[in-house]
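Here's a quick tour of a few residues worth a look. Have the sequence and the structure open while you read.

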Amino acid sequence: MSPSSDAQAFRDAFANSKRVVILAGAGLSAASGIPTFRGPNGLWKTKSSKLFATPEGFKEDPSGVWQFYHYKREGCLSAQPNAAHRAIASFAVPAVRSRLMPSLQEDKLPLFVTQNFDGLSLRALDELSDQLTPAEIKLARERVIETHGSAFKTICLQCKHINHTFDSPLSPALAGITEQNAGERDIPIDQLPRCGGPDWKGSNRWGRCGGLLRPAVVWFGEVPEGMGEIAKELNWTDLLIVVGTSSLVHPAAGFAKTIKSRGGKVAIVNLERSEGDSDADFLFIGPCEETLPLLLK
Ligand code: BV8
Ligand code: ZN
């Protein structure tokens, strides 16, 4: 049976769902100006994912990879959440949940798994500070899993310290790097982001070690974040909403099949057809920044 595009039937299924998971990909942030990976002008068209999204690539060319992530981080910092981010963030508001999802088990917030590392979904939650208490925002943020990591976290290769920072540039040598000139400079490794920051002098007062940092994003062959919590949640999920992903990258691409195999429903909101979408229960083709707010009104 082919997927339904009946918005009211989707709203009814949504209202009857006890446990909801939302999975998002690059299409969620497209309207915020963040390029997707595999679209017509996708990132992987211009850059090789082998170099920029694998641990081997980083080992081979840490200078090139840091330049790539520097301008990606800058892009994410200057981007704003769009209407689709805000529609999903609105589930954190109790009145929205009771209107849209009155059957939620113990009013459990949907688990939101994003493959994006741009931080925009968390920023959309922070924007609700006029409607939610800090405790409610904290609770909602804990239900967001950035399963492919975050552009705003770094890991030290030496002491494994994970640092969360919006500072930019992470080292003076990266200042002025843009998409146009990235890779032109060969930045010496000791001028790349170091543990303890650019003014690291020996073991400074934070006890940081000065080791080389890497972006805390999940590269190919690496274990995505939150897999245990996600697997547990998928056991109970009766509705998975998939937004803005080509559904080509595993294990996220396999969530829909898991839900279907357990009798749950799958709704896909995507600009164009995506891998495996004919098995979905609902399919809404269009820009999610327009379709999602309409579906969730
Ligand atoms: C894992 C981070 C084991 C960095 C990314 C060989 C060796 C090892 C592993 C594998 C292997 N062969 C296969 C694998 C598995 C591999 C994989 O799936 N490969 C694929 C390509 C075949 N996966 C992994 O390696 C993963 N790890 O398997 O570990 C394991 C597994 C389970 C449990 C324990 C251990 C790690 C995957 C993470 C890789 N990291 N990037 C960086 O990007 O800089 S991948 C990259 O793809 C991004 O993270 C991105 O999030 C992800 C998915 O892409 P999308 O978000 O879907 O973006 P895309 O452009 O493709 O599509 C956008 C969609 O939006 C389009 O459909 C478009 O139509 C739509 N759209 C556009 N605009 C809009 C819109 N929709 C709505 N509205 C709009 N306005
Ligand atoms: Zn360190």
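## Around the annotated histidine

His 148 has quite a set of neighbours: leaving out residues up to four places away in sequence, His 148 touches Thr 114, Gln 115, Phe 117, Val 217, Val 218, Pro 224 and Val 249. Bear in mind that this is a predicted model. The reason to start with His 148 is the record: UniProt, in an unreviewed entry, lists His 148 under "active site". That annotation may be inferred rather than shown by experiment.

Where does His 148 sit? Look in the loop that runs between strand 3 (144–146) and strand 4 (149–156). And is His 148 buried or exposed? With a relative accessible area of 14%, His 148 counts as buried, because the cut-off for buried is under 20%.

## Two buried charges

Next up are Asp 118 and Lys 72. Asp 118 is in the loop between strand 2 (111–114) and helix 8 (120–126), while Lys 72 belongs to helix 5 (residues 62–78). Both are buried, and neither has a salt bridge. Here is what each one has as its nearest side chain of opposite charge:

| Buried residue | Nearest opposite charge | Distance |
|---|---|---|
| Asp 118 | Arg 123 | 7.4 Å |
| Lys 72 | Glu 179 | 7.8 Å |

A salt bridge needs the charged atoms within 4 Å, so Arg 123, at 7.4 Å, doesn't make one with Asp 118. The same cut-off applies to Lys 72, so Glu 179, at 7.8 Å, doesn't make one either.

What does the side chain of Asp 118 reach instead? One partner is the backbone nitrogen of Leu 120, at 2.9 Å. There's also a polar contact of 2.6 Å between the side chains of Asp 118 and Ser 29. Setting aside neighbours within four places in sequence, Asp 118 is in contact with Ser 29, Ile 34, Cys 76 and Phe 152.

Lys 72, with residues up to four places away left out, touches Ile 34, Pro 35, Leu 43 and Phe 117. Ile 34 turns up in the contacts of both Asp 118 and Lys 72, and Phe 117 touches both Lys 72 and His 148.

## The cysteines

How many disulfides does the structure hold? The count is 0. Take Cys 288, which is in no disulfide: the nearest cysteine sulfur, that of Cys 76, is 16 Å away. Cys 288 is buried, with a relative accessible area of 4%, whereas Cys 159 is partly exposed, with a relative accessible area of 36%.

Terms used:
Residues are numbered from 1 along each chain as its sequence is written. Chains are lettered from A and ligands numbered from 1 in the order in which they are written. This is a predicted model: local features need pLDDT of at least 70, side-chain atom pairs count only at pLDDT 80 or more; totals for chains, interfaces and linings use all residues. Side-chain values use heavy atoms; hydrogens and water are left out. Helices (H or I, at least four residues) and strands (E, at least two) are DSSP runs, numbered from the N terminus. Buried means under 20% relative accessible area, exposed over 50%, partly exposed in between (1.4 Å probe, protein chains only). Contact means heavy atoms within 4.5 Å. A disulfide is a pair of cysteine sulfur atoms within 2.5 Å. Lys and Arg count as positive and Asp and Glu as negative; His and the chain ends are not counted. A polar contact is a pair of N or O atoms within 3.5 Å; within protein, one must be able to donate a hydrogen and the other to accept it, and residues adjacent in sequence count only if both atoms are side-chain atoms.
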